[in-house]
Amino acid sequence: MPAILQAQSTLTDRYQTTVPESVRRALRLGKRDRIHYTIRPDGEVVLTRAAADEDGDPALAPFLALLAHDIAGHPERLRAIDEGLVRRIRDLVGATDLDLDAPLSADDE
């Protein structure tokens, strides 16, 4: 009988957790991948890698492919962000107060 691997993690105050490395490897998960949960009648929860999101933005993947192709084909066109753009971004979001440790509202859960 093959060995059964087990892992556990802890929930934060915001009901978030880190997926243990052994689980990420077993499911071949990378950053931004989605996880699917199946809850069985006996209360057992099965975690699997979610299928590609078919309801996502249909233009995003082709756009990113075009961008990757353009960067690979013309790396000389890449430019650093200039100070003017940095100032403009700061002007747009500078007054935004963000607390990453604040609990989510019921609408955000």
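These legends go with a set of views of one predicted protein model.

**Figure 1. The whole chain, from helix to helix.** Three helices and two strands make up the secondary structure of the protein chain. Walk along the sequence and you meet them in the order α-β-β-α-α. The chain is more spread out than a compact globule, because its radius of gyration is 21 Å, well over the 13 Å that the globule rule gives for 109 residues. Lay the C-alpha trace along its principal axes and it spans about 60 × 40 × 25 Å.

**Figure 2. Burial and contacts in the protein chain.** Just 4% of the 109 residues count as buried. As for contacts with a separation of 6 or more, 16% of them pair residues 24 or more positions apart. The accessible surface adds up to about 10,600 Å², and carbon and sulfur atoms own 55% of that.

**Figure 3. Where the charges sit.** Count the charged side chains and you get 14 positive and 20 negative ones. How far apart are the centres of the two sets? They lie 8 Å apart.

**Figure 4. Confidence across the elements.** On average the protein chain has a pLDDT of 86, and 91% of the residues score at least 70. Which element has the highest mean pLDDT? That would be strand 1 (residues 35-39), with 92. Helix 3 (residues 83-93) has the lowest mean among the elements, at 88.

**Figure 5. Close-up of Arg28, in the loop after helix 1.** Arg28 belongs to the loop between helix 1 (21-27) and strand 1. Its phi is near 55°, so to speak a backbone oddity to check in this view: a positive value in a residue other than glycine. Is Arg28 buried or exposed? Its relative accessibility is 64%, so Arg28 counts as exposed.

**Figure 6. Close-up of Arg32, in the loop before strand 1.** Arg32 also has its place in the loop between helix 1 and strand 1. Here phi is positive again, about 75°, although Arg32 is not a glycine. With a relative accessible area of 81%, Arg32 is exposed, because exposed means over 50%.

**Figure 7. Gln6 and Val93, a pair far along the chain from each other.** Gln6 sits in the segment before helix 1. Its relative accessible area is 73%, so Gln6 is exposed. Val93 is 87 residues away from Gln6 along the chain, and the C-alpha atoms of the two are separated by 44 Å.

Terms used: Residues are numbered from 1 along each chain as its sequence is written. This is a predicted model: local features need pLDDT of at least 70, side-chain atom pairs count only at pLDDT 80 or more; totals for chains, interfaces and linings use all residues. Side-chain values use heavy atoms; hydrogens and water are left out. Helices (H or I, at least four residues) and strands (E, at least two) are DSSP runs, numbered from the N terminus. The radius of gyration is taken over C-alpha atoms; the globule rule is 2.2 Å times the number of residues to the power 0.38. Buried means under 20% relative accessible area, exposed over 50%, partly exposed in between (1.4 Å probe, protein chains only). Contact means heavy atoms within 4.5 Å. Accessible areas come from the Shrake-Rupley method with a 1.4 Å probe; for residues, only the protein chains shown count as cover. Lys and Arg count as positive and Asp and Glu as negative; His and the chain ends are not counted. The place of a charge is taken as NZ of Lys, CZ of Arg, CG of Asp or CD of Glu. pLDDT is the predictor's confidence in each residue, from 0 to 100.
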